[in-house]
Amino acid sequence: LRAGRCRALTTLSEVHTALGQVQEAIATAGEAESESAALLALDPASVDSRGLLAEALRAEVQALHLAQRFTDSLPPALQAATELERCAAVDPARHGRNWARALRALSVTQQVLGDRTASIASARASIAAMQDLLERGIE
């Protein structure tokens, strides 16, 4: 039930972002992040809970990018990429593409903030993650 609430809040945040409702998107993503972090605290080994947290973080990053709050988006972008890397290591078919997406969002954040070296490294990591999926036959 709680996991379903996290997914619903994350989706709602994405809808708010698509509609340009930035404050609502950020608030809803924050609520999804809190709920999923609480779930992960109950079972730190849970890939499902870690994935929920990462997706809530990705939704927050999308909303912050829309608001052009790139400095604020760096911590959740870094955390989303880190959490999804862990998830993709366990279940690449389910989490690999989202890890690559999180790395791309991190790259954009770093580029806008003027960290060209980090941005290129994140972009290359995203490409490598996608290439790995293709080599494994995961689409």
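**Figure 1. A nonpolar surface patch formed by Leu12, Val15 and Leu19 in the predicted model.** The patch covers about 270 Å². Two of its members can be placed in helix 1: Leu12 lies in this helix, which spans residues 2-18, and Val15 is found there as well. Leu12 is partly exposed, with a relative accessible area of 40%. Val15 is likewise partly exposed, at 39% relative accessibility.

**Figure 2. The surroundings of Thr28 in helix 2.** Helix 2 comprises residues 22-42 and includes Thr28. Thr28 is buried, its relative accessible area being 9%. When residues up to four places away in sequence are set aside, Thr28 touches Leu9, Leu12, Ser13 and His16. The C-alpha atoms of Thr28 and Leu12 are 7.0 Å apart, although 16 residues separate the two along the chain.

**Figure 3. The salt bridge between Arg2 and Glu35.** The closest N and O atoms of this pair are 3.1 Å apart. The salt bridge links distant parts of the chain, with Arg2 in helix 1 and Glu35 in helix 2, 33 residues apart. Arg2 is partly exposed at 35% relative accessibility, whereas Glu35 counts as buried at 18%. Both residues also belong to a network of salt bridges that includes Arg5 and Glu31.

**Figure 4. The salt bridge between Arg50 and Glu83.** The two side chains meet with an N to O distance of 2.5 Å. Here, too, distant parts of the chain are linked: Arg50 belongs to helix 3 and Glu83 to helix 4, with their positions 33 residues apart in the numbering. Arg50 and Glu83 are both buried. Glu83 is also one of the residues in contact with Ala54, neighbours of Ala54 within four places in sequence being left aside.

**Figure 5. The salt bridge between Arg69 and Asp72.** In this pair the closest N and O atoms lie 2.9 Å apart. Arg69 is partly exposed, with a relative accessible area of 32%. Asp72 is also partly exposed, with a value of 40%. The count of salt bridges in the model comes to eight.

**Figure 6. The largest nonpolar core, with 12 residues.** Its members are Leu40, Leu53, Ala54, Leu57, Val61, Ala77, Ala80, Ala81, Leu84, Ala102, Leu103 and Leu106. Helix 3 (47-66), helix 4 (70-90) and helix 5 (92-112) each contribute at least two residues to this core. Ala54 is in contact with Ala80, Glu83 and Leu84, apart from its neighbours within four places in sequence. Another core, of five residues, lies apart from the largest one and has Val22, Ala25, Ala63 and Leu64 among its members.

**Figure 7. Cys6 and Cys87, neither of which is in a disulfide.** The count of disulfides in the model is zero. For Cys6 the nearest cysteine sulfur is that of Cys87, 13 Å away. A disulfide requires two cysteine sulfur atoms within 2.5 Å. For Cys87, in turn, the nearest cysteine sulfur is that of Cys6. Cys6 counts as buried at 1% relative accessibility, and Cys87 is buried with a relative accessible area of 0%.

Key. Residues are numbered from 1 along each chain as its sequence is written. This is a predicted model: local features need pLDDT of at least 70, side-chain atom pairs count only at pLDDT 80 or more; totals for chains, interfaces and linings use all residues. Side-chain values use heavy atoms; hydrogens and water are left out. Buried means under 20% relative accessible area, exposed over 50%, partly exposed in between (1.4 Å probe, protein chains only). A nonpolar core is a set of buried Ala, Val, Leu, Ile, Met, Phe, Trp, Tyr and Cys residues joined through side-chain atoms within 4.5 Å. Helices (H or I, at least four residues) and strands (E, at least two) are DSSP runs, numbered from the N terminus. Contact means heavy atoms within 4.5 Å. Patches are made of residues with over 30% relative accessible area and no salt bridge: like charges are joined within 9 Å, nonpolar side chains (Val, Leu, Ile, Met, Phe, Trp, Tyr) within 5 Å. Accessible areas come from the Shrake-Rupley method with a 1.4 Å probe; for residues, only the protein chains shown count as cover. A salt bridge is a side-chain nitrogen of Lys or Arg within 4 Å of a carboxyl oxygen of Asp or Glu.
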